[in-house]
Amino acid sequence: MRVKMLGSAAGGGFPQWNCFCNNCRRVRLGKFHGTPRSQTQIAFSPDSKLWFLVGASPDLRTQILATPELSPSNQDPTHSPIAGVFLPSADVDSLMGLLHLREFQTFFVFATASLQRIVKKENKIFEVLDRADPPVQWQILSSKGRLGCHLSESPGEAPSFVCATIPLGESYPDYVSDELKRTLSPDEATIGCSFEQNGKSVFIAPSLSGSSPEWTKLAAASDLTLIDGTFWSDNELIQTG
């Protein structure tokens, strides 16, 4: 399995458009020892041909253009190798990029039932994804379970990879109405995903609240762990015994 980091910055990117902190200011002045970064975005491929996104950042169009592996091929010039998107949460930074994928191509969107209700009920703008023929295919992810994913429709074929999910204990975004929130499962607000293939696994959690200890077990058991959260001290991630 191949994994690519398409972006690694927090919401708003780096420099953030309305931020005048020392780092953002120095980037604008060309005095920062580093480069600007787009918002967090991860992609993986089980076969180096088809690619799946984890989240869909607002910077997704620019990130796709900067990644040759995600470009249409000579054999099929109007078809992207992006086969699906796994949505970990309903945060704006996690799903706004779906609107960049509205250009009449079908693909799979994997999300919890609660997240799908948020997108489909409270955000009619995402109906543009239905214009593809066939329309985008929504697949329900359990907040805690295992889903075998197939790259072909051959009967009896073993899954190409497995997605194992775990709830991360987050709350729903503020834009979700209180009326809808009361009908949603707390466990489905934010999930972490472990993608497994041929005895190897990568655990991805783009939004960690820190309130659920269960994710540490999946992270420790994985060959690669990519996590994103807010930490309030330099040694917060250091375990002492």
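**View 1. The largest nonpolar core of the predicted model.** This core holds 31 residues, and those that touch the most other members are Leu 53, Val 85, Leu 87, Leu 98, Leu 101, Phe 107 and Trp 138. Two or more residues each are given to the core by the strands β3 (51–54), β4 (82–86) and β5 (108–111) and by the helices α2 (60–65) and α4 (113–122), with α4 supplying the largest share, three residues.

**View 2. The surroundings of Leu 101.** When neighbours within four places in sequence are left aside, Leu 101 is in contact with Leu 53, Leu 60, Ile 64, Val 85, Phe 107 and Leu 129. Separate from the largest core is a second one of 17 residues, which includes Phe 86, Phe 110, Cys 149 and Ile 191.

**View 3. A nonpolar patch on the surface.** Val 92, Met 96 and Tyr 175 together make this patch, whose area is about 220 Å². Met 96 lies in the loop between α3 (92–95) and β5, and its relative accessible area of 30% places Met 96 in the partly exposed class.

**View 4. Cysteines without disulfides.** The structure holds zero disulfides, and for Cys 24 the nearest cysteine sulfur, that of Cys 21, is 3.6 Å away, which is not within the 2.5 Å that defines a disulfide. Cys 24 counts as buried, at 5% relative accessibility. Cys 163 is likewise in no disulfide, the nearest cysteine sulfur being that of Cys 193 at 4.1 Å, and Cys 163 also counts as buried, with a relative accessibility of 1%.

Notes. Residues numbered from 1 in each chain as written. Predicted model: local features only at pLDDT ≥ 70, side-chain atom pairs only at ≥ 80, totals over all residues. Heavy atoms only, no water. Core = buried A, V, L, I, M, F, W, Y, C linked by side-chain atoms within 4.5 Å. Buried < 20%, exposed > 50% of the residue type's maximum accessible area, 1.4 Å probe, protein only. Helix = DSSP H or I, 4+ residues; strand = E, 2+ residues; numbered from the N terminus. Contact = heavy atoms within 4.5 Å. Patch = residues over 30% accessible without salt bridge, like charges linked within 9 Å, V, L, I, M, F, W, Y side chains within 5 Å. Areas by Shrake-Rupley, 256 points an atom, 1.4 Å probe, with all protein chains shown as cover. Salt bridge = Lys/Arg side-chain N within 4 Å of Asp/Glu carboxyl O.
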